[in-house]
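Take a first look at the chain below. The text after it goes from one residue outward to the whole.

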Amino acid sequence: MKTSLFFKYLTVFLCFIVLSFTIQCTFTQSAIDRYQEDHEAQQLYRESAQIASDYASSFLNESLSLEDFQKQMAALEKYLSAEIWMIDNKGRILFNSGDAEVGKAASAAQYQVLSDFDTADFDKSYYRISNFYGCFSEQTLTVISPVTANYRVRSYVLIHKPLSRITGDTDDLMNITFFTVGLVCIASLLLFLVFVLLVHLPVRKITKVSRSYGKGHFEPTVELHTNDELGLIANTMNYMANELNTLEEDQRKFISNVSHDFRSPLTSIKGYVEAMQDGTIPPELQGKYFNIILFETERLTKLTQGILDLNRFGHRGIMLDVVDFDINRMIKTTILTFEGTCSKKGLSFDLVLTGKELLVAADMSKIQQVLYNLIDNATKFSHNNSSIKIETSIKNEKVLISVKDHGIGIPADSVSKVWDRFYKTDLSRGKDKKSTGLGLSIVKEIIQAHSEHINVISTEGVGTEFIFTLPLSKKEVQ
C-alpha cells in the first residue's frame, strides 16, 4: 500500500512535536536544573564567605556575643531560606541556626559531632548535593567557606538549602518553556496547513492529471496560477498534454499518408500486372505500362530510401565530409537539372548571388541534396510563367541562402509541420504526385548536422521562401 505525501508530511509534523517535547523534558529541564544549582550555589557561597569573614570570625574571637550572632544568623536564615552552620575541623557543630540548643550547648562545652565530616568530600568544588551525612531527609545543596584566624583555618561556615526550594523556581521556568513550545507547535501547525494548501494540494492536482495522461487521456489540464516551480510544472504539463494530443492526431495523419504513398503505387503495379496477365492490355501496349510500373517501383524505392536515410540520420547522426566549395557555382549547376520542368511550366530563375565566387565550408554532396529538394519543391508549387528567386548573402561570417517561389504557399497552421516526416498539406497533395513527404525532413536533418539553421516563410496564395545558413569558408574570412 502506497503512503501518500500528506501522511508523510503529517508524520514528520507529529515527530517534530514529539521530539520538541522530549527535548524539552530532558535536555532543557536538565540544563535549567544545572544552571539553577550553579547560580544558587554561587549566591550562597558569597553569603557564606561574607558570614565567615564578618560574623563567624568575630564570634570565635568573642568580640560578638552568642546572642547577637544568633540574631544575625536568624535574619540571614530567613532571608536565604537556608540553614547556617558552623563546624570546626573535628566535625563538631559549633552553631546551627535551625537548632537553638546547639548554640546553648556551645557555652556548656557540649557539641554534636559529625564523625564522617571531611572537607575533602567537597573535592575541588565549593559545594555538594547530598543529605549531608544523613542530617537531612532530602537532597540538599551545601556550600562551605573556611573561617580563618592568624592565617589558620579554625572552622567552617556551611549553608544548607533543600533542592526542592531551588527546583521550585525550575518548575516555574519549565512551565514558561512548555508554554513557549506549545506556541511554537501551534505556529508549526498553521505553517503545516499553509504548506498543505500551497504545496500538497497543487501536487495532488498535478498527480491526478498525470495519471490521466498516463492512461492516454490528454483533455484534463492543471489549473494552477502561480509563478513558482509548481506553476511551471503545471504549465509544462499542460503544454505537453496539448503536444501529445496534437502528436496523436499527427500520428493518425502520418499513418494515413504512409499508407496512401505506399498503397497507390502498389495498387497501380498490381492492376497493370493483372491486366497484362489476363490479356486486358494487349502485348503491343505493354511497353507503355511497363514504363509506368518502372516509374512506380522507382517511386517506392525512393520512398524506402528516404525512410532509411532519415532513420540513419536520427540514430547515428550524419557523417559529414566538410570541404570548401563555391555555393554560387553549385546553385547554377543544380538549376540546370530542372531545365525541362521549367520549360514546360514557363518558369524562370532570378539569381541574386554575392560575388563571382562565394566559398562555404560544408559537405558538398549533402548541401547539393538540400538545394535540389528546395528547388524541386519550388518548381512543383510555383504558378505557371512565374519566377523562382535564389539569393546568397553574407552576415556575421555566415552565408544565407534563400530559395523563394511565387506559388500556392503553405497554410499558416501547416508551416510548423512541413518538417515532419511524410507530412503533406492538403494544397500540395493534389499537385505533388511524386513527392514522398520526406524531402524537407531530410533537408532539416542535413542543415542541423552542420549546426546551422533553416527557416520557412510562407503566405498562402503568394509563395514560399526557405532560408538556411552555412558557415563562411575561412578563406573568405581572411
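**From one residue to the whole chain**

Start at I367. Setting aside neighbours within four places in sequence, I367 is in contact with F325, I327, M330, A362, I446, I447, H450 and L470. Keep in mind that this is a predicted model.

Where does I367 belong? I367 is among the residues with the most contacts inside the largest nonpolar core. That core has 39 residues. I327, L374, I401, F468 and L470 also rank among its residues with the most contacts. In soluble globular proteins, nonpolar side chains tend to be buried together.

Which elements build this core? At least two residues each come from helix 7 (327-335), strand 9 (359-363), helix 9, strand 10 (387-395), strand 11 (398-404), helix 11, strand 12 and strand 13. Helix 9 gives the largest share, six residues. A separate core lies apart from this one. This other core has 24 residues, including A41, L76, V157 and I159.

Now turn to helix 9 and its partner. Two packed helices are described by the angle between their axes and the distance between the axes. Helix 9 spans residues 364-381, and helix 11 spans residues 439-449. They pack at an angle of about 145°. Their axes are 9 Å apart. The crossing of helix 9 and helix 11 is left-handed.

Which residues meet there? Helix 9 brings K366, I367, Q369, V370, N373, L374 and N377. Helix 11 brings G439, L440, I442, V443, I446 and I447. Of the residues in this contact, eight are nonpolar, four are polar and one is charged. I367 appears here again, and I446 and I447 are among the residues that I367 touches.

Next, find V462. V462 sits in the loop between strand 12 (454-459) and strand 13 (463-471). What does V462 touch beyond its neighbours within four places in sequence? V462 is in contact with D405, H406 and G407. V462 and D405 are 57 residues apart in sequence. In space they are 8.5 Å apart, C-alpha to C-alpha.

Finally, step back to the whole chain. The chain holds 12 helices and 13 strands. It has 478 residues, and 39% of them count as buried. Among contacts with a separation of 6 or more, 66% join residues 24 or more positions apart. The accessible surface comes to about 28300 Å². Carbon and sulfur atoms account for 55% of that surface.

Note on methods:
Residues numbered from 1 in each chain as written. Predicted model: local features only at pLDDT ≥ 70, side-chain atom pairs only at ≥ 80, totals over all residues. Heavy atoms only, no water. Axes fitted to C-alpha atoms, helices over the stretch in contact; angles between N-to-C directions. Helix = DSSP H or I, 4+ residues; strand = E, 2+ residues; numbered from the N terminus. Left-handed = near helix turned anticlockwise from the far one by under 90°. Contact = heavy atoms within 4.5 Å. Nonpolar A, V, L, I, M, F, W, Y, C, P; charged D, E, K, R; others polar. Buried < 20%, exposed > 50% of the residue type's maximum accessible area, 1.4 Å probe, protein only. Areas by Shrake-Rupley, 256 points an atom, 1.4 Å probe, with all protein chains shown as cover. Core = buried A, V, L, I, M, F, W, Y, C linked by side-chain atoms within 4.5 Å.
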